[in-house]
Amino acid sequence: MAGKLSTCFLSHGWNCCTVLDCKHFNLRYCYSLPSPRLLTVSCKMRQRNPSLPPRRPQAKKIVPEQLPQNDNVMPDVSGLSDSENTDDISALSQKSPSDEIVAIQRFDNKNSSSTLNSSIAADKVDKLSTVDLQDVIGMIRNAEKNIHILNRARIHAIDDLEKILNEKEALQREINRLQVRLAETDAWIRVAAQDKIHVELLQDHLEELQTEMSNRNGTHSEMHDIVLRSPDRQTRALSEELNALRNENLSLKNDLETLKEQLSEVKRTDERVEVLEEERTILESSLKELEYKLTLSLEDGAQLSSLRSEYETLWDKVEHLQGLLDKSTSQADQAILVLQQNQELRKKVERLEESLEDANVYRLSSEKLQQYNDLMQQKIKLLDERLEKSDAEIHSYVQLYQDSVKEFQDTLDNLKEESKKKASGKQVDMPWAFWSRLLLMIDGWFLEKKIHVDEAKLLRELAWKKDGRIHDVYMECKEKNEPEIIAAFRRLTSSPSGPGLHIIHIAAEMAPVAKVGGLGDVLSALSKALQKKGHLVEIVLPKYDCMQYESIQDLRVLDLVVESYFDGRLYNNKIWIGTVEGLPVYFIEPHHPAKFFWRGKTYGEPDDLKRFSFFSRAALELIHQAGKKPDIIHCHDWQTAFAPLYWDLYAPKGLNSARICFTCHNFEYQGTATASEIASCGLDIHHLNRPDRMQDNSSPDRINPVKGAIVFSNIVTTVSPTYAQEVRTSQGGQGLHATLNAHAQKFVGILNGIDTDSWNPATDSHLRFQYNADDLEGKAENKKALRKHLGLSFADSRKPLVGCITRLVPQKGVHLIRHAIYRALELGGQFVLLGSSPVPSIHREFEEIANKFQNHEHIRLILKYDEALSHSIYAASDMFIIPSIFEPCGLTQMIAMRYGAIPIVRKTGGLNDSVFDVDDDTIPVQLRNGFTFITPDEQGFNGAFDRAFNHYNSDSEGWQALIHKVMNIDFSWDTSASQYEELYQQSVSRARAARRAPG
């Protein structure tokens with residue numbers, strides 16, 4: 001606290017000025033008297049112990065010679081009472097002691113008054129006639145009040161200081177206590193270390209004694225004689241010590257025996273626990289088996305009811321056909337009557353012609369005859385028209401009759417053929433789910449060692465051929481127990497040959513159970529298409545914890561464990577089986593401590609290479625242990641691109657019947673890793689890390705699974721012909737163009753298809769209004785419904801709606817998608833976007849655009865994926881944009897055309913193979929189905945986008961014809977599956993020919 005108080009006494013009228021400077025307030029007292037003489041009083045701070053009682057400050061002695069010479073005399077102020085001072089001080093003391101004040105050394109009222117009086121009287125120079133003593137006294141009182149407040153502030157400060165010192169002492173005591181505890185802990189540690197050393201020394205000494213005892217056991221009798229003969233005390237002491245050690249050794253041996261007995265008892269207890277665990281497992285499997293049999297019985301009951309309803313339906317059809325036959329007979333009778341009437345009309349026409357000839361004789365004679373002739377000609381023409389109509393009606397009735405008879409005959413023939421098939425034991429037309437379940441049951445028996453490999457092979461072929469005998473045996477034995485069913489199946493001794501190929505897909509995805517991208521859709525659709533062509537198709541997948549388990553039918557675990565090698569040891573794998581959309585699927589669940597497929601997602605883990613190399617080897621181990629001899633093993637993308645595993649490890653074991661087909665769905669993802677990582681699954685690093693094998697073309701210290709698959713597979717495919725050409729260039733090959741060119745003879749591009757059953761506007765359950773190419777009213781209604789659902793304007797039904805469904809990643813041309821939003825608005829259209837982005841910057845950018853157009857009547861952005869909403873957008877859109885920078889295949893444009901939305905695409909990859917510009921004269925007219933552009937910039941995009949809008953606005957009939965055309969294009973998997981089938985057959989045929997060749 002700092003402050004100062006200046007007090008000035010001016011003589012000749014006593015000009016007096018007091019200034020009090022503080023941090024929080026200033027007090028000024030000024031008194032002006034006409035005297036130029038000055039008297040100065042010095043002030044200073046006094047330090048005192050706040051613990052002592054307050055003392056009355058002593059007035060500073062003033063030397064008389066220092067006083068100013070003045071004739072006026074200061075009045076006596078000693079009469080001022082102390083009580084008045086005390087009251088003023090106590091009143092002022094109520095203020096906060098924290099305020100900084102100026103402390104001055106005040107005068108004692110009495111002493112100062114007497115001293116001044118005596119000094120002034122002694123001088124006798126001037127008189128003080130007009131001095132205001134009351135103001136001086138007030139100034140002095142204020143100074144005393146300030147001093148009192150300062151003292152209180154000092155007391156509070158000292159109290160705070162004492163508290164701080166006490167806390168410091170407490171902290172110091174705590175520190176000392178902790179130091180003592182630390183020292184004690186160190187001492188205990190040292191003692192424990194010494195004890196440990198001492199125990200180790202004692203153990204060493206004990207071992208030495210035991211060794212010495214064992215050496216001395218042979219000479220015990222001799223030592224005993226020596227002891228007896230030696231009268232020496234020391235010898236007797238040694239003998240006694242030896243006896244004690246011997247007794248201690250015996251005691252230790254007894255303790256060891258006791259411990260061994262206890263250990264054996266613990267082992268026996270563990271064995272009993274294992275036996276009980278096995279019994280529990282057997283009981284659980286029995287319970288599951290009973291539940292499975294109950295499910296089968298319920299299914300068989302449902303099938304029986306369906307057969308009854310089918311019989312009733314067929315009987316109704318027969319009755320309906322009989323009614324049609326009766327109706328056709330009556331129509332034929334009517335046709336005969338019409339024919340008779342027609343003959344009569346012909347006779348009348350002939351008579352009229354005769355009359356006409358007679359009339360012609362008199363035609364020149366009379367004008368009336370001419371008019372009559374004209375009238376007769378008109379009548380004849382009218383009769384001819386009626387005759388032609390009558391002939392057409394007769395022909396239509398006859399054709400209807402013939403069609404009805406043919407339909408009736410075909411139905412009868414089909415019924416007879418089905419009856420013959422059931423009677424003769426030939427093929428039975430059951431759903432593929434039934435045969436897949438039967439195949440999985442047979443494989444389960446074989447893997448569980450309940451049937452031999454030859455029996456499993458024959459039963460598989462019967463099920464594969466859809467033989468009626470195995471169907472009849474299964475239906476007869478469905479209520480029996482498993483041993484009886486197996487015995488009945490073993491009695492089927494015929495050995496037919498399979499009609500097609502045995503194909504096993506190994507993949508990381510499958511729709512709908514484990515779908516991430518297009519791979520899942522392709523695997524499911526291709527497998528179903530190959531199955532329909534008569535091939536045996538099986539699929540092997542990892543058992544993810546995040547699968548759509550509700551899409552798997554008859555899921556169960558097999559009573560066996562498949563062991564597979566990884567990281568220098570064998571790991572167990574649990575095998576699950578089930579059917580997905582009629583396809584038999586094996587799910588592998590590794591029992592690895594890393595929990596490879598219990599991560600809550602399919603891809604994106606740091607150890608993805610380890611996860612999927614483990615799965616690939618386990619899948620081949622499952623095929624080998626199941627005794628399967630597939631013709632084709634089809635692997636997909638880098639996750640299962642470990643073809644060297646097959647040739648290096650499993651072909652030598654006897655699994656050598658298959659040809660390897662590898663499909664890369666996107667060469668941007670290659671799964672490269674350090675060379676040492678492939679050793680975990682048992683592959684030889686030095687053998688494979690070479691430029692002509694798995695060594696990455698860009699990094700010699702890394703391996704590339706996709707490159708290895710290209711080198712070691714018999715067939716290499718990708719998902720479109722144009723993409724196959726693009727990846728063989730340095731711009732599109734992602735570093736693998738040289739490898740692909742070196743193996744170009746086995747590399748081919750096959751355009752993917754779509755599942756036309758799932759994507760069908762005529763049966764789509766997600767749509768409010770179904771429609772087809774011949775009836776487009778439902779499409780207009782869906783457009784109106786989507787606009788209402790998204791809050792868009794639906795006042796103008798002709799306003800074009802542009803759709804876009806995509807992942808917002810750079811590959812998809814996000815800069816052109818952003819541009820299309822604003823361009824559609826400029827051209828008078830509406831725009832709907834459905835999609836999300838894994839790239840944070842892109843996601844934020846489109847979030848800002850979505851917020852900008854949140855309440856706009858023509859633009860709507862939905863930044864997520866919604867399956868049901870995607871179907872509605874396809875059905876409502878007039879145009880669909882796919883401005884990809886590169887696109888291996890693309891299914892969006894095919895689905896859009898299936899729903900009558902005209903695609904606007906960039907000419908790249910699969911887009912170039914499926915969309916052809918309507919204005920391109922080099923393309924046949926019947927193939928033109930959309931609008932395309934080449935350069936991936938706004939100018940190129942505008943060229944196609946604006947042409948589409950102009951076509952829509954100016955040529956309504958032409959646009960409707962274009963919709964009709966694109967909806968009738970066949971984008972099913974039938975053609976693509978045939979191409980895969982041909983590749984399979986050629987590869988298998990070459991392999992069989994090579995095996996038959998001599999030498």
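In the predicted model, strand 10, helix 13 (residues 643-650) and strand 11 form a β-α-β unit of right-handed sense. Strands 10 and 11 run parallel and are joined by 5 bridges, and in this pairing R659 of strand 11 is the bridge partner of I632. On strand 11, 3 bridges lead to strand 14 (residues 715-718), again in parallel orientation, with T663 standing opposite T717 of strand 14.

Strand 11 (residues 659-663) is largely enclosed by the rest of the structure, because 5 of its 5 residues are buried, that is, they fall under 20% relative accessible area. In a regular strand, side chains alternate between the two faces of the sheet. Both faces of strand 11 are covered, with R659, C661 and T663 buried on one side and I660 and F662 buried on the other.

These strands belong to an open sheet of 9 strands with mixed pairing, in which the order is 7-8-9-6-5-10-11-14-15. The edges are occupied by strand 7 (553-566) and strand 15 (747-749), each of which pairs on one side only, and neighbouring strands of the sheet are turned against each other by 25° on average, direction ignored. Helix 12 (residues 608-625) packs on this sheet, where it touches strand 5 (502-506), strand 6 (536-542), strand 7, strand 8, strand 9 (583-590) and strand 10 (632-636), and the direction of helix 12 makes about 105° with that of strand 7.

At the edge formed by strand 7, the pairing with strand 8 (residues 569-580) is antiparallel and comprises 9 bridges; here S564 stands opposite Y571 of strand 8.

Technical notes
Residues numbered from 1 in each chain as written. Predicted model: local features only at pLDDT ≥ 70, side-chain atom pairs only at ≥ 80, totals over all residues. Heavy atoms only, no water. Pairing = 2+ DSSP bridges. Helix = DSSP H or I, 4+ residues; strand = E, 2+ residues; numbered from the N terminus. Axes fitted to C-alpha atoms, helices over the stretch in contact; angles between N-to-C directions. Contact = heavy atoms within 4.5 Å. Buried < 20%, exposed > 50% of the residue type's maximum accessible area, 1.4 Å probe, protein only. Right-handed = clockwise from strand over helix to strand, strands pointing away.
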